[in-house]
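Reader: I'd like a close look at one part of this model, please. Pick a strand, walk me through its surroundings, and then carry on to how some other pieces pack.

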Amino acid sequence: MGFLHESEPLSWSQAMPLLKYVRDHGLEQFLAIVERCGATQGDPFKWGDEVEHQIFRVTGNMADNTRSAKIVLRSPEILAALKQAEEAGLKAGAKLEETCTWVPEYGRWMVESTPGVPYKGLAGITVLEQQLQLRRERLQAALRPGEVAPTMTHFPLLGVGDFCEPACKQKGPVLKSLFVPDEVVFPHPRFPTLANNIRERRGGNVEIRRPKLKDICSCHIEHAPDFVPQSIEEADVMDHVYADAMPFGMGLSCVQVTMQAANISESRHLYDQLASLTPVLLALSAATPFMRGWICDDDVRWGQISQSVDDRTPAERSAEVSGESLGNQQLAGSGVRPLPKSRYGSIDCYISEREDKDGFNDIPLVFDQAHFERLVAAGVDGVLAQHVAHLFARDPLVIFADRVELDDHLEIDHFENLQSTNWQTLRWKPPPPHKGELSNTDDAHIGWRVEFRSMEVQLTDFENAAFISFVILLSRAILDKNLDLRIPMSKLETNMGVAGRRSAYICEKFWFRTNVGFAAASEAKFEQMTIKDIMQGTGSFAGLVPLCQEYLSSSGCDCTTRQTLERYMSFIVQRAEGKLPTDAKWMRDFVIEHPSYQHDGRVTQAAAHDLILAAEAMGKRLQPCHEVLGSFAGMEASMKHKEANSDLLSDGFGLPSSSSDKGYPSLLSRTGSGKQSGHKVSPVLAPGMGTDGMGFGI
């Protein structure tokens, strides 16, 4: 989520006179990247993934009525241990392929992991799941007894009572939140400044609203849609779930995939073709059914994060231009130009060269005409110029005092300032020029990339590997079979609205292309389909999975890679059919069927505690969870690497071995009554924002 420059950022009042300077010079830096790296050809196919982890402390056991779970505000310490361990491993002779990269995330209870080096080619899929397991084990080894790190999108009780360790007071000077203290934000100065400047620019706290599950004992009071509570008590009786600070959004976890294209043209093409998959895979990977201790009546994180970083002024959030004020000339659009959505949202346009004549961009873009004209004058085609200019219709949010006057031909801070804070479902990623200019035979070379950003992190490494692999496989099939999956941008926007609805993966229909040969928008055919039909096909559409299988049959793919991919595709199809639930459905059902649930829509401490331990047990494969994985439970990738590299996983990596707290429950099994009972197995062991790194996990 941007560079972690070690310096003091400017306050919002200090930054405002420099906003236009940063916007203008960011464009110049983009033009320098194109000049230096735009002619690159023949880059090899490399790719990577990024997983955002959350760290909790659980106390008590199933027999303890006071059992609880909290977030652990130790990520700086944990990151230091992880980085030290990786360095020790390399000194001990570990291969780069056996390493992991660890960087901060927005929350002080979170860390982000990527593979130490990118995967190469489609065959990299065969080691993906083992690499995900390796990162889970390394993180576990850095934790204290009682701490766990399941791959959950969120902490269900964030903002509820005494929810963090150490305990801190709300209503701090940075977040000014009713619910969460400033200390939950990672201490690098960029992160609290980001939160503060978003609030300063919009003129108040962010307002996050999600539909609340209504149960038989629910009680609420109707308020105006824009009602802002002044106390926790007022918030709790609202008819929807309300939150007021950035950690409720940027404290959510996802899994992202970055792939390198052969050249700039192919990267733009892939960006366009993957766009229609972003809402589909968001719905299929849904895993966020709770917010601030309430059960929500929708399934995904996307709208929650979007609202958490919405820095638009009241005039920008309005549908009409106000004639009453000229606004503030220092802000982009003077702060009064209507902006249809938050800077965290779905993509706004297609960017490939052929879009100029094909006409799928049917939603007007907001941008400064002067920026567009500067880009075109420098030789950028109109389609790409509009995309880049519309990124710069926003203001930079964090400016470092010692990084203002830069050499635009050598530095890219100002470009990345805007690029990295336009958080969209896809990100088109130009290379850092000093690495883009290297020979593409050099391991340090980075080319033109596309990042797929919509998917929610899953509870198991198998699920995460399946979704990552499907994106990678589909990207290869698109290029090989020359598929055209574009639909009008307005229909893609409609799909994003549908994707977050409860059980959208089986209950909703999405606009999707049926004739997948290249055609102008006037000739393209599309219809509304269930995700099952999108995956398996209908009478009018072959289906994504059959198209991928055709590609595999013609590509000369080796047997191991083919078998791995078939297993992942079979899982995705079964989820699309409704035979397997999303993680969101499984977690919501877990809480509703928990013995402590009072049918009031609230997540109890006991339910949160048990859910976290169940998720931890699933992720560590202490017990298969057939409810989530079905017949795939117990079929996850072999852990042979664990024995082969055991000296790199714990003591040999300079980290203390994990110890266990006796009495933690195994994965809870549901009884026929619909409630749950625990049974003993081996105890559960207590074990973004991003950096360029290799450029394949941010």
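Author: Here's a walk from one strand to a sheet and then on to two helix pairs. Bear in mind that this is a predicted model.

Let's start with β11, the strand covering residues 255-260. Since 6 of its 6 residues are buried, β11 is largely enclosed by the rest of the structure. You can see that on either face: Val255, Val257 and Met259 are buried on one side, and on the other Gln256, Thr258 and Gln260 are buried too. So what does β11 pair with? One partner is β1 (residues 46-54), which runs antiparallel to β11 over 5 bridges. Within that pairing, Gln256 of β11 has Glu50 standing opposite. Another partner is β17 (residues 449-452), again antiparallel, with 4 bridges to β11. There, Thr258 has Glu451 of β17 as its bridge partner. Notice that Gln256 and Thr258 sit on one face of β11, and both are buried.

Next, a sheet. This one is open, with 4 strands in the order β7-β2-β3-β8 and mixed pairing. Its edges are β7 (147-148) and β8 (164-165), each of which pairs on one side only. At the β8 end, β3 (residues 68-72) pairs with β8 in the parallel sense over 2 bridges, and Ile71 is found opposite Cys164 of β8.

Now for the helices. Take α9 (residues 277-284) and α17 (residues 461-481): their axes come within 12 Å and cross at roughly 160°. Angles over 145 degrees count as roughly antiparallel, so that is the label for α9 and α17. The crossing of α9 past α17 is right-handed. On the α9 side, Leu277, Leu281 and Leu284 make the contact, meeting Phe467, Phe470, Val471 and Leu474 of α17. Sort the residues of that contact by class and you get 7 nonpolar, no polar and no charged.

The other pair is α13 (residues 369-377) with α14 (residues 382-391), whose axes come within 9 Å and cross at roughly 140°. That angle makes α13 and α14 oblique to each other. Here too the crossing is right-handed, α13 passing α14. From α13 come His371, Phe372, Leu375 and Val376, and they meet Gly382, Ala385, Gln386, Val388 and Ala389 in α14. By class, the residues of this contact split into 6 nonpolar, 3 polar and no charged.

Conventions:
Residues numbered from 1 in each chain as written. Predicted model: local features only at pLDDT ≥ 70, side-chain atom pairs only at ≥ 80, totals over all residues. Heavy atoms only, no water. Axes fitted to C-alpha atoms, helices over the stretch in contact; angles between N-to-C directions. Parallel < 35°, antiparallel > 145°, perpendicular 65-115°, else oblique. Left-handed = near helix turned anticlockwise from the far one by under 90°. Contact = heavy atoms within 4.5 Å. Nonpolar A, V, L, I, M, F, W, Y, C, P; charged D, E, K, R; others polar. Buried < 20%, exposed > 50% of the residue type's maximum accessible area, 1.4 Å probe, protein only. Pairing = 2+ DSSP bridges.
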